[in-house]
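Open your viewer and get your selection tool ready. We will walk through this model one stop at a time.

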Amino acid sequence: MQNNETKLKPTIEPISQAARKAMREKIDNLAKPVGGLGNLEVLAVDLAGIEQRVELQTEKRCCLVFCGDHGVEREGVSATPRRVTAMQAVNMAAGHSSVAALAKANHCEVKVIDVGIDADILDQAVINLKIRKGTNNFLEKPAMTRDEAIRDVQAGYDVAAQAIHEGNQILCVGELGIANTTVSSAMIASLLSLPVADVVGRGSVISDKRLAHKIDVVEKGLAKWQPDPTDGLDVLSKVGGFEIGAKAGAMICAAAHHVPLIMDGFISYAALALAEAMCPGIQRYVIASHATRQAGTKAILKKLGVTPMFNLGMATGEGSGAVVTLALIDDIQSVLKNMTTLEDMGVNFTA
Ligand SMILES: O=C(O)c1ccc[n+]([C@@H]2O[C@H](COP(=O)([O-])O)[C@@H](O)[C@H]2O)c1
Ligand SMILES: Cc1cc2nc[nH]c2cc1C
């Protein structure tokens, strides 16, 4: 057991400061005011540090969408019935969900992975790595066993390793799982030591009454199991979800391989908090795409130490915001390829 856990905690090398500096110099020498392309420049520098090179490789990209159901959905914390997870997974694999449509626009493959949907998915287009049909209701039992938590994170790691082996140069991550904003809130409150009421939001839109109930459910779950925030697998097994653990595994794998990983919204914040607890340093390899429209986003991102690229008021999940970020990466590549330099123009700045 201990060995399996150790495998999930590889040494994460520091980001390449030399590549960051070289990219910064290259961008500063382009024919524009210094820093004029704002966060696009920051993104280019971050990608260079992760990839350890200035000639960024970003053409082949893939979005990994992990799917799972949640026992706590039975507490009435979501406006959506649980069967939507299974329905939307099939819809997504056929190319018709939000992330699937956005991925087409951004030349990105989508892999849909079942790590815990509460149904038999017969569609071969959905990759079957099911740990179990849904977690336990954490008000009654721990969500999963520690062994399941380990196998779950390992499944996400393996899917990401396969995607990298296939030549993907950028990974995006997303998820499907009705009630997973409740589960993510519990994980975030525990792992980042934030007050429950500050991080529980309206998910895929709930009334004031249901919101108060959702806060109560999260508080009761944490009080009952008292997960240890210094032990990510303890938090995952007590109040977590299969798609969140798998997503954390993908993050750990991408960081170990120096492959940039673009995360999505609220559920990704929980996965990053978990990955960081398991394997400190992961956060430097993860690009924060957008600030999601959920409670506590600002405080959570601050605690995670990441800055989102944009805020479009999105709250869909699936990896939608992550995939939209690919358009910004294509913008950077065009800038790096096509712009003339200040040197070409013979211009010097005097601040
Ligand atoms: O990514 C986000 O920030 C986000 C915010 C609200 C909802 N979602 C998606 O909606 C589902 C969870 O919403 P809920 O209300 O059932 O907890 C799940 O499938 C998520 O992918 C995702
Ligand atoms: C339709 C629908 C699609 C989703 N995709 C992610 N979460 C979702 C929730 C609903 C309700």
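By class, how many nonpolar, polar and charged residues does the shell around ligand 2 have? There are two nonpolar, five polar and one charged. For these classes, Ala, Val, Leu, Ile, Met, Phe, Trp, Tyr, Cys and Pro count as nonpolar, Asp, Glu, Lys and Arg as charged, and the others, Gly among them, as polar.

Before you click further, a word on what is on screen. This is a predicted model, in which local features need pLDDT of at least 70 and side-chain atom pairs count only at pLDDT 80 or more, while totals for chains, interfaces and linings use all residues. Residues are numbered from 1 along each chain as its sequence is written, and chains are lettered from A and ligands numbered from 1 in the order in which they are written.

**Stop 1: the ligands**

Stay with ligand 2 and select T80, V84, Q88, L176, S204, T316, G317 and E318, the residues around it. A residue is taken as near a molecule if its C-beta atom, placed from the backbone, lies within 6 Å of it.

Now move to ligand 1, which is surrounded by 22 residues. Pick out S78, G203, G265, T292 and G317, the closest of them. Next, colour β4 (170–176), α7 (180–191) and α12 (266–278), the elements that give two or more residues to this shell. Helix α7 gives the most, with three residues. Helices (H or I, at least four residues) and strands (E, at least two) are DSSP runs, numbered from the N terminus. By class, the shell around ligand 1 holds six nonpolar, 13 polar and three charged residues.

**Stop 2: the whole protein**

Zoom out and switch to a cartoon. The protein has 15 helices and six strands. Its radius of gyration is 20 Å, close to the 20 Å that the globule rule gives for 351 residues, so the protein is as compact as a globular protein of that length. That radius is taken over C-alpha atoms, and the globule rule is 2.2 Å times the number of residues to the power 0.38. Along the principal axes, the C-alpha atoms fill a box of roughly 70 × 40 × 40 Å.

Of the 351 residues, 54% count as buried. Buried means that 20 or more other C-beta atoms, placed from the backbone, lie within 10 Å of the residue's own.

**Stop 3: two domains**

Colour domain 1 (2–55 + 336–345) and domain 2 (61–328) separately, following the domain assignment; such bounds come from an automatic or database assignment. Their C-alpha centres lie 27 Å apart. The contact takes 15 residues from domain 1 and 20 from domain 2, where two residues are in contact if their C-beta atoms, placed from the backbone, lie within 7 Å.

On the domain 1 side, look at α1 (2–7) and α3 (38–51), each of which supplies at least two residues. The largest share, seven residues, comes from α3. This side of domain 1 divides into eight nonpolar, three polar and four charged residues.

While you are in α3, select L47. With 23 C-beta neighbours inside 10 Å, L47 counts as buried. Leaving out residues up to four places away in sequence, L47 touches L56 and P260.

**Stop 4: paired strands**

Select β1 (61–68). Eight of the eight residues of β1 are buried, so this strand is largely enclosed by the rest of the structure. Rotate to see both faces: R61, C63, V65 and C67 are on one side, with C62, L64, F66 and G68 on the other.

What does β1 pair with? Strands β1 and β2 (109–116) pair in the parallel sense over seven bridges, and seven bridges also join β1 to β4 in parallel. Strands pair if DSSP finds at least two bridges between them. Click C63: V110 in β2 stands opposite, while in β4 the bridge partner of C63 is C172. Further along, G68 has G116 in β2 as its bridge partner.

Follow β2 outward. Seven of its eight residues are buried, and three bridges join β2 to the parallel strand β3 (residues 126–128). There, D114 is partnered with N128 in β3.

**Stop 5: helix α5**

Finish at α5 (residues 98–105), where the buried residues are V99, A100, L102 and A103. Show their surroundings: these residues pack against β1, α4 (83–93), β2, β4 and α14 (320–338). Just after α5, click H107, which takes a positive phi of about 55 degrees.

Note on methods: Buried ≥ 20, exposed ≤ 12 C-beta atoms within 10 Å, placed from the backbone.
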